[in-house]
Amino acid sequence: MFMLLRSEGELPQAERVFADVHLSSSRELLQLVASGEVETVDLRLYSGYAGWGPGQLENELSEGAWVTAPADPPAVFDLPPERAWEHCLRAQGIDPAALVSGGGGQA
């Protein structure tokens, strides 16, 4: 589990990653936010797993397997999550329908 939080001030057990956005995986901080003891403007909570072998992510990035985008707090916090992916692609001039999925082709 990790969370992105928007706060102008510093947050305990969180690291500012850009602008007023902080990253944390602290359950204690989540409890403080939920109880109102720590004030934030916005919160996005993520849960899941992704793992890479040594050098795998770097190789995938160099091969163009990932689309990266500039940090954009409104895309993270102001859009409904189901619209954020398309918004970020279109902001870079990429038509999502033009993307080709990987993993091999069909015969």
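Visitor: Which residues make the nonpolar surface patch of about 320 Å²?
Guide: Quick ground rules: this is a predicted model, where local features need pLDDT of at least 70, side-chain atom pairs count only at pLDDT 80 or more, and totals for chains, interfaces and linings use all residues. Residues are numbered from 1 along each chain as its sequence is written, and side-chain values use heavy atoms, leaving out hydrogens and water. A patch takes residues with over 30% relative accessible area (Shrake-Rupley, 1.4 Å probe) and no salt bridge (a Lys or Arg side-chain nitrogen within 4 Å of an Asp or Glu carboxyl oxygen), joining nonpolar side chains within 5 Å. Here the patch of about 320 Å² is made by Phe2, Val17, Leu23 and Tyr46.

Visitor: How many aromatic pairs does the structure hold?
Guide: Rings of Phe, Tyr and Trp (its six-membered ring) pair if their centres lie within 6.5 Å; planes under 30 degrees apart are stacked, over 60 edge-to-face, and the rest tilted. By that count, the number of aromatic pairs in the structure is 2.

Visitor: Are phenylalanine 2 and tyrosine 46 stacked or edge-to-face?
Guide: Their ring centres sit 5.2 Å apart with the planes at 20°, so this pair is stacked.

Visitor: How many residues apart in the chain are phenylalanine 2 and tyrosine 46?
Guide: Helices (H or I, at least four residues) and strands (E, at least two) are DSSP runs here, numbered from the N terminus. Phenylalanine 2 belongs to strand S1 (residues 2-6) and tyrosine 46 to strand S4 (residues 42-46). The pair therefore links distant parts of the chain, their separation being 44 residues.

Visitor: Is phenylalanine 2 buried or exposed, or something in between?
Guide: Buried means under 20% relative accessible area and exposed over 50%, with partly exposed in between (1.4 Å probe, protein chains only). Its ring partner, tyrosine 46, comes in at 33%, so that one is partly exposed. Phenylalanine 2 has 38% relative accessibility, so it also counts as partly exposed.

Visitor: What is the angle between the planes of tryptophan 52 and tryptophan 66?
Guide: Tryptophan 52 sits in the loop between S4 and helix H2 (56-62), and tryptophan 66 in the loop between H2 and helix H3 (73-77), so the pair ties together parts 14 residues apart in sequence. Tryptophan 52 is partly exposed at 39%, and tryptophan 66 is partly exposed at 41%. Their rings are 6.0 Å centre to centre and tilted, with the planes at 55°.

Visitor: What is the phi of alanine 19 near?
Guide: Most residues other than glycine have a negative phi. Glutamine 13, in the loop between S1 and strand S2 (15-18), has a positive one near 60°. Alanine 19 lies in the loop between S2 and strand S3 (21-24) and is exposed at 53%. Phi of alanine 19 is positive too, near 45°.

Visitor: Which residues form the largest nonpolar core?
Guide: A nonpolar core joins buried Ala, Val, Leu, Ile, Met, Phe, Trp, Tyr and Cys residues through side-chain atoms within 4.5 Å. The largest one has 7 residues: Met3, Leu5, Leu11, Ala14, Leu29, Val33 and Val38.

Visitor: Which elements each supply at least two residues of this core?
Guide: One is a strand and the other a helix, the latter spanning 27-35. They are S1 and H1.

Visitor: How far is alanine 75 from cysteine 88 in space, C-alpha to C-alpha?
Guide: Alanine 75 is in helix H3 and counts as buried at 3%. Leaving aside residues up to four places away in sequence, alanine 75 touches (heavy atoms within 4.5 Å) Ala84, His87 and Cys88. Alanine 75 and cysteine 88 are 13 residues apart in sequence, and their C-alpha distance is 7.1 Å.

Definitions and conventions: Patch = residues over 30% accessible without salt bridge, like charges linked within 9 Å, V, L, I, M, F, W, Y side chains within 5 Å.
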